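Me: I would like a close look at a single part of this model, followed outward to what surrounds it. Please keep the account plain and connected.

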Amino acid sequence: MAKVTVKICSGTTCFIMSGNRLNDLVEMIKAQYGDKVEVTGCNCLGECSNGHSKAPYVQIDDCIISEVTPEKLITEIEKRIK
Ligand code: FES
């Protein structure tokens with residue numbers, strides 16, 4: 001099974017739109033999923049230039065996910081692992 005790649009946007013817009021809550025999950029995701037998931041922070045994904053109302057953004061594999069909450073992020077990771 002391919003590793004799931006998660007990039008949490010750490011750009012300013014996402015950060016102030018609650019993205020900081022997602023960064024708090026990095027260690028938990030690493031501990032819970034181990035080698036199945038590679039999770040990193042990243043610079044602006046470029047999505048916020050279309051308006052920031054759907055921030056924060058996370059890229060999971062080739063998909064950009066908007067309005068990400070901690071619960072939504074875990075759900076999206078679980079979907080791809082199964
Ligand atoms: S700051 Fe996150 S997409 Fe731009």
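In which strand does Gln 59 lie? Start there and work through the sheet, the helices and the loops around that strand.

Reply: The model is predicted. Gln 59 belongs to strand β3, which spans residues 58-60.

Setting aside residues up to four places away in sequence, Gln 59 touches Thr 5, Val 6, Lys 7, Leu 45 and Ile 64. Its side chain also reaches the backbone oxygen of Asp 61, at 3.0 Å.

Asp 61 itself is found in the loop between β3 and β4. The phi of Asp 61 is near 50°, a positive value in a residue other than glycine. Most residues other than glycine have a negative phi, and most peptide bonds are trans. With a relative accessibility of 30%, Asp 61 counts as partly exposed.

Thr 5, one of the residues touched by Gln 59, is found in strand β1. Leaving aside neighbours within four places in sequence, Thr 5 is in contact with Glu 38, Gln 59, Ile 60 and Asp 61. Asp 61 thus appears twice in this account: its backbone oxygen is reached by the side chain of Gln 59, and Asp 61 is in contact with Thr 5. Thr 5 is partly exposed, with a relative accessible area of 26%. Thr 5 and Leu 22 are 17 residues apart in sequence, and their C-alpha atoms are 15 Å apart in space.

Now the sheet. Strands of a sheet pair through backbone hydrogen bonds, either parallel or antiparallel. Here four strands form an open sheet, in the order β2-β1-β3-β4, with mixed pairing. Its edge strands are β2 and β4 (63-65), each of which pairs on one side only. From one strand to the next the twist averages 20°.

β3 pairs with β1 in the antiparallel sense, over three bridges. Within this pairing, Val 58 in β3 is the bridge partner of Ile 8. β1 and β2, in contrast, run parallel and are joined by six bridges. There, the bridge partner of Cys 9 is Cys 42 in β2. Helix α3 packs on the sheet and touches β1, β2, β3 and β4. The direction of α3 makes about 160° with that of β1.

The bridge partners Cys 9 and Cys 42 raise the matter of disulfides. A disulfide is a covalent bond between the sulfur atoms of two cysteines. The cysteine sulfur closest to that of Cys 42 is in Cys 9, at 5.1 Å, which is too far for a bond. The cut-off for a disulfide is a pair of cysteine sulfur atoms within 2.5 Å, and by that rule the count comes to zero. Cys 42 counts as buried because its relative accessibility is 15%. Cys 48 counts as partly exposed, at 22%.

Two further loops carry backbone features. In the loop between β2 and β3 lies Pro 56. A cis peptide bond joins Ala 55 to Pro 56, with omega about 5°. On the other side of β4, Glu 67 has its place in the loop between β4 and α3. As with Asp 61, whose phi is near 50°, the phi of Glu 67 is near 50°, again positive in a residue other than glycine. Glu 67 is partly exposed, with a relative accessible area of 41%.

That leaves helix α2, residues 26-33, whose buried residues are Val 26, Ile 29 and Tyr 33. Viewed down the axis of α2, these residues fall within an arc of 65°, so they line one face of the helix. What covers the buried residues of α2 includes strands β1 (4-9) and β2 (37-42), together with helices α1 (12-23) and α3 (70-81). The cover of α2 therefore includes β1 and β2, the strands joined by six bridges, as well as α3, the helix that packs on the sheet. The face of α2 turned away from its buried side carries the exposed residues Glu 27 and Ala 31. Just after α2, Gly 34 takes a positive phi of about 55°.

To return to the starting point, Gln 59 lies in β3, a strand paired with β1 and touched by α3.

Definitions and conventions
Residues numbered from 1 in each chain as written. Predicted model: local features only at pLDDT ≥ 70, side-chain atom pairs only at ≥ 80, totals over all residues. Heavy atoms only, no water. Buried < 20%, exposed > 50% of the residue type's maximum accessible area, 1.4 Å probe, protein only. Helix = DSSP H or I, 4+ residues; strand = E, 2+ residues; numbered from the N terminus. Arc of directions from axis to C-beta. Contact = heavy atoms within 4.5 Å. Pairing = 2+ DSSP bridges. Axes fitted to C-alpha atoms, helices over the stretch in contact; angles between N-to-C directions. Polar contact = N/O pair within 3.5 Å; in protein donor to acceptor, adjacent residues only side chain to side chain.
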